[in-house]
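Student: I have a structure open on my screen and would like to learn how its descriptions are earned. Could we go through some of them together?

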Amino acid sequence: MNSASGGVEQYSVLVVGAGSIGRRHMANLRQLGIQKLAATDTDAGRLQPVVNELGVRGFAEFDEALRIVQPNVVFVCTPPAFHIEQALRALSCGADVFIEKPLSHRVVGVAEITAEAQKFGRVVQVGYNLRFNPGIQTLKRLLDEGVAGRILWARAEVAQHLPDWRPWQDYRQSYTARQELGGGIILDASHEIDYMLWLLGPPRELTCMAGRVSELDVNVEDCATILIRLGSGAQLDIHMDFAQPTASRCCVLAGDRARLEWDYARNQVRIIRPQVPPEVIDYEFDSNQMYIAEVQDFFYRVRQRVTANQSLAEAELTLKVALAALTSSAEKKWVTFEQ
């Protein structure tokens, strides 16, 4: 990962979707020096505030924005159900593309994105920003150094009450609450799947229990636990929900030498070894730094023309695991992956 951000002023950027994540990216793009910045959203109530506050050019229609702006770079920040179509249209216009997570709500079209990006030499990156959290990066370093030894078992947890996610919005209108937009806790909380696979390697098989356990007015699963056997033989369980009123984000990696623990809220990693006091690694951190770092990394790849698009391939695997979890829960069966 490279955080160099110099030289971005030259790019013309179009952000598709002016919701919470689109607005965040636009503010950060301004901070990084992007002058030619435009946004498109069919909802004037979302679009006009960013036009007024950030001085971006606003367009109601995506195709019109592509034609007039002729962007070098497109950020796709719409609900997952629209990601594939919009990314393909951006690629066809010659743009490099940043797609917010998850990559999509289905695998149809993903291979086409990969092929189009390869054909035209475009950069495509998917926004799994937790990889840029100092705690997760510390875990990655400790694993690479062999501090924990061979990982035997791991667990990740994320939970936050859905009405608290975007308190300015009626949660029932968010894509997270709506199946037709690609919502549900498994897809929306796929960060946990992504960073665990990044840390520990690909899956061999999984099973999942998911469903609605709360009284929230949603038509998607609000709680899920995924059990995964990794290619290494280690066991991994991932719990995610937007049902409980308290918030939590943490993980445990238990190895045959030491146990590693990460707590998002505390900005802390702990190394626990037998018969000695825990080693505590604290770090200073502001959550927006992750979003800035991932955009800096993206623009580094754009400038250097790093078109291998490993991020896209890894995001496709994360999507397949999320969809396999949904299938497993619905059909009450184990799902296996090709090794």
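**Reasoning from values to words**

Tutor: Gladly! Let's start with Met240, which touches Val158, Ile185, Ile186, Ala189, Glu192, Ile193, Asp222, Cys223, Ala224 and Ile226, leaving out residues up to four places away in sequence. Keep in mind that this is a predicted model.

Student: What makes these residues count as touching Met240?

Tutor: Contact requires heavy atoms within 4.5 Å, and the residues I listed are in contact with Met240. Met240 and Leu253 also have the most contacts inside the largest nonpolar core, a set of 88 residues. Helix α11 (residues 310-331) contributes the most to this core, with eight residues. Apart from it lies another core of 24 residues, including Leu37, Val73, Val123 and Val295.

Student: Why would nonpolar side chains be found together?

Tutor: As a general tendency, nonpolar side chains in soluble globular proteins are buried together.

Student: Let's turn to Ser174. Why is Ser174 counted as buried?

Tutor: Buried means under 20% relative accessible area. Ser174 has 4% relative accessibility, so it counts as buried. You will find Ser174 in the loop between α7 (162-165) and α8 (185-188). Beyond its neighbours within four places in sequence, Ser174 contacts Leu162, Arg166 and Gln169.

Student: Now for helices. Why are α4 and α5 called roughly parallel?

Tutor: Helix α4 (residues 83-92) and helix α5 (residues 110-120) pack at about 15°, and their axes are 10 Å apart. Angles under 35 degrees count as roughly parallel, so α4 is roughly parallel to α5. The crossing of α4 and α5 is left-handed.

Student: Which residues make that contact?

Tutor: From α4 come Ile84, Ala87, Leu88 and Leu91, while α5 supplies Val110, Glu112, Ile113, Glu116 and Ala117. By class, the contact of α4 with α5 has seven nonpolar, no polar and two charged residues.

Student: And how do you know that α1 and α10 are roughly perpendicular?

Tutor: The axes of helix α1 (residues 20-31) and helix α10 (residues 288-304) come within 10 Å and cross at roughly 65°. The roughly perpendicular range is 65 to 115 degrees, and α1 and α10 are therefore placed in that class. Their crossing is right-handed.

Student: What do α1 and α10 bring to their contact?

Tutor: In α1, Ile21, Arg24, His25, Asn28, Leu29 and Gln31 take part, and they meet Asn288, Tyr291, Ile292, Glu294, Val295 and Phe299 in α10. The residues of this contact divide into six nonpolar, four polar and two charged.

Conventions
Residues numbered from 1 in each chain as written. Predicted model: local features only at pLDDT ≥ 70, side-chain atom pairs only at ≥ 80, totals over all residues. Heavy atoms only, no water. Axes fitted to C-alpha atoms, helices over the stretch in contact; angles between N-to-C directions. Helix = DSSP H or I, 4+ residues; strand = E, 2+ residues; numbered from the N terminus. Parallel < 35°, antiparallel > 145°, perpendicular 65-115°, else oblique. Left-handed = near helix turned anticlockwise from the far one by under 90°. Nonpolar A, V, L, I, M, F, W, Y, C, P; charged D, E, K, R; others polar. Core = buried A, V, L, I, M, F, W, Y, C linked by side-chain atoms within 4.5 Å. Buried < 20%, exposed > 50% of the residue type's maximum accessible area, 1.4 Å probe, protein only.
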